[in-house]
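Biologist: I would like a close look at one part of this protein, taken slowly and set in its surroundings. Please start from a single side chain and work outwards from there.

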Amino acid sequence: LMGLLVPFDSKESHLKVSIAPNPSSNETQLTIQEGDVIQKIDILSTDGIVVYSVSPNVLMNTYTLDLGQLETGIYQVIVEGNASVYSNKCLVAK
């Protein structure tokens, strides 16, 4: 799935993020355009509880998420970059 980051301030930053594979049963890759820093990744359950959180805060364009500990279901993935926040759904299927 592809999505656009929505700026949370006045900067015009539109960063493309992909989540693949989606759905996933174990690991999935977040890929963003080069040059941005993934500051924080949160995965929320449908009731809004953070079930996975990591702050890599390094210059990278690919990050592997280990979803193996999550139950089957739909989750919200929130990625915070330098000046933008990306949000999309991820399906965990076992």
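Modeller: A polar atom of the Ser24 side chain lies 3.2 Å from the backbone nitrogen of Asn26, and since this is a predicted model, that distance, like the others below, is a computed one. Ser24 is found in the loop between β3 and β4, and with a relative accessibility of 5% it falls under the 20% limit, so Ser24 counts as buried. Leaving aside neighbours within four places in sequence, the residues in contact with Ser24 are Leu67, Leu91, Val92 and Ala93.

The loop that holds Ser24 also holds two prolines that follow cis peptide bonds. Pro21 is found in the loop between β3 and β4, and the peptide bond leading into Pro21 from Ala20 is cis, with omega near -5°. Pro23 lies in the loop between β3 and β4 as well, and there the bond joining Asn22 and Pro23 is cis, with omega about 15°. The strands on either side, β3 and β4, form a hairpin with 6 residues between them, and they pair in the antiparallel sense over 4 bridges. Within that pairing, Ala20 has Gln29 of β4 as its bridge partner.

On the far side of the loop, the residue to look at is Thr28, which lies in strand β4. The side chain of Thr28 reaches the backbone oxygen of Pro21 at 2.7 Å, and a polar atom of that side chain also lies 3.1 Å from the backbone oxygen of Ala20. Thr28 therefore makes polar contacts with the backbone oxygens of both residues joined by the cis bond. With a relative accessible area of 1%, Thr28 is buried. Beyond its neighbours within four places in sequence, Thr28 is in contact with Ile19, Ala20 and Pro21, and also with Tyr63, Thr64, Leu65 and Leu67. Leu67 thus appears among the contacts of Thr28 and among those of Ser24.

The two faces of β4 put Thr28 in context. Thr28, Leu30 and Ile32 make up the covered face of β4, whereas Glu27, Gln29 and Thr31 make up the uncovered one. Besides its pairing with β3, strand β4 pairs with β9 in the antiparallel sense, over 5 bridges, and in that second pairing the bridge partner of Thr31 is Thr62 of β9.

From the covered face one can move on to the nonpolar core. In soluble globular proteins, nonpolar side chains tend to be buried together. In this model the largest nonpolar core has 19 residues, and those touching the most other members are Leu30, Ile41, Ile43, Tyr63, Leu65, Leu67 and Val77. Two or more residues of this core come from each of β3 (16-20), β4 (27-32), β6 (40-44), β7 (50-54), β9 (62-66), β10 (73-80) and β11 (84-92). Ile41 gives a view of how these parts meet: neighbours within four places aside, Ile41 is in contact with Leu30, Tyr52, Ser53, Val54, Pro56, Tyr63, Leu65, Val77 and Ile78.

Next to Ile41 in the sequence, on either side, are the two partners of a salt bridge. Lys40 forms this salt bridge with Asp42, and their closest N and O atoms are 3.6 Å apart. Side chains of opposite charge can pair when their charged atoms come close. Asp42 is buried, with a relative accessible area of 10%, while Lys40 is partly exposed at 29%. A search of the whole structure finds 1 salt bridge.

One further residue leads back towards the starting point. Gly73 is found in strand β10 and, leaving aside neighbours within four places, is in contact with Cys90, Leu91 and Val92; Leu91 and Val92 are also among the contacts of Ser24. The C-alpha atom of Gly73 is separated by 8.2 Å from that of Ser45, 28 residues away along the chain.

As for the whole protein that surrounds this loop, its secondary structure comes to 0 helices and 11 strands. Buried residues make up 38% of its 94 residues, and of the contacts with a separation of 6 or more, 49% are between residues 24 or more positions apart. The accessible surface comes to about 5,300 Å², with 53% of it belonging to carbon and sulfur atoms.

Conventions: Residues are numbered from 1 along each chain as its sequence is written. This is a predicted model: local features need pLDDT of at least 70, side-chain atom pairs count only at pLDDT 80 or more; totals for chains, interfaces and linings use all residues. Side-chain values use heavy atoms; hydrogens and water are left out. Buried means under 20% relative accessible area, exposed over 50%, partly exposed in between (1.4 Å probe, protein chains only). Contact means heavy atoms within 4.5 Å. Accessible areas come from the Shrake-Rupley method with a 1.4 Å probe; for residues, only the protein chains shown count as cover. A nonpolar core is a set of buried Ala, Val, Leu, Ile, Met, Phe, Trp, Tyr and Cys residues joined through side-chain atoms within 4.5 Å. A polar contact is a pair of N or O atoms within 3.5 Å; within protein, one must be able to donate a hydrogen and the other to accept it, and residues adjacent in sequence count only if both atoms are side-chain atoms. A salt bridge is a side-chain nitrogen of Lys or Arg within 4 Å of a carboxyl oxygen of Asp or Glu. Two strands pair if DSSP finds at least two bridges between them.
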